[in-house]
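Reader: I am in my first year of study and would be grateful for a close look at a single part of this structure. Could the account be kept connected from beginning to end?

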Amino acid sequence: MRQEWILRSLARRLTDRWNGALVLLVGGMFCIFRALDSRHPVVLLEWAFPFAAIYLHLALAPLPWQWAAGKQGGGAQLRGLFLAVVFNAAWVAALFFAFRSLRPVPPPPPAWSEGGPSHHAHPRGPDPGWGLGLMNVAFAIVVGWVLAEKERMEARERRTAGLLRQAEAKALQNQLDPHVLYNALSGLSELIREDPLAAEEVITQLADLYRRLTLHGTRERVALGEERRLVEAYLAMEQMRLGDRLRAEWTWPEWADGTPVPPLFLLTLVENAIKHGISPCEAGGDVRIACGRVGERLELMVENTGRPLDPAVPRGVGLSNLEARLRLLADPEAAFDLESRGEWTVARLRWAPEGRA
């Protein structure tokens, strides 16, 4: 698990466009300053060195700190420092060796002049590459620690935000469960006076509906086929109450049943259509339930006749709850629309399910 996270982090740094822009900016400035110094000849390989060095600093330097932070026990900072010194010294030395081996060797200065031995010859001093290499190692240790801490804090913030979204979604889902049952019980009270035998059957179906709602409430995602069966149980219960006043039609492709979705999305749309459209209308109405795809997004659509949609009436608990849950999804383009099309009221829900755009 730790290795996978470190590799994913490395891949992000290697492909991050801001890191690429920083490499081009700093490396380009180095090349400009070097070009202005006429004492040094133009060597393309030397110009490539700062770009490679900066890129490797950003990509590789955090690795030892991240590896040490994943170990159990204390002393992570000391382990990280030790690993950073060894690891960064190794790749910096490899980088310098690679460029030194590819760089053309300049001819040695002449040891003799026309008048005899040159009096300006001096013994060769220490190789300046050692100082530059040590500076790169020290720089890599500091940059690696800063980047590793930054990514650790970002990962913690993402986990915290994810837990907050889950908690909020769970609270909204728990709020919706009693709302559905409350509406079902309200309709049942009317049926008890009109047809006690039918009311007894509805009570049995209500118990099954509550059992299904309880199972739904324990999961963050359910298969859309399970959601459909929950809606069918709800429609069967409402059919006992409304009789011929309720006519349901499904447009349901075979692939839809296995699609993971947040629970109670479809039920909320159907429940809203029956409560506000069909039930208040003396003649009842039709409800059409459809599932499809729009590009890479899943679309659930529930249409109903009956009482027309009144735009002035504010949305109730169910739809307000649904919109709030929709905003918690990772898809920023998820949308919910409620509009009139002639005699039909159309509720349409679109979002990218897990594993898609």
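Author: The following account concerns one sheet and the helices that accompany it. The model is predicted. Its part under discussion is an open sheet of five strands, arranged in the order E4-E6-E7-E9-E8 with mixed pairing. Strand E4 (246–251) and strand E8 (335–341) occupy the edges; each has a single partner strand, so one side of each is left without a neighbour in the sheet. On average, neighbouring strands of this sheet are turned by 15 degrees against each other, direction ignored.

At the edge formed by E8, the pairing can be described in detail. E8 and strand E9 (residues 344–351) are joined by seven bridges and pair in the antiparallel sense. Within this pairing, Leu 338 stands opposite Ala 347 in E9.

Two helices may now be added to the picture. Helix H8 (residues 224–242) packs on the sheet, where H8 touches E4, strand E6 (285–294) and strand E7 (297–304). The direction of H8 makes about 165 degrees with that of E4. Helix H10 (residues 317–327), for its part, lies across E8 and E9, and H10 runs at about 140 degrees to E8.

The edge strands thus each appear twice in this description: E4 has a single partner strand and is touched by H8, while E8 has a single partner strand and has H10 lying across E8 and E9.

Conventions. Residues numbered from 1 in each chain as written. Predicted model: local features only at pLDDT ≥ 70, side-chain atom pairs only at ≥ 80, totals over all residues. Heavy atoms only, no water. Pairing = 2+ DSSP bridges. Helix = DSSP H or I, 4+ residues; strand = E, 2+ residues; numbered from the N terminus. Axes fitted to C-alpha atoms, helices over the stretch in contact; angles between N-to-C directions. Contact = heavy atoms within 4.5 Å.
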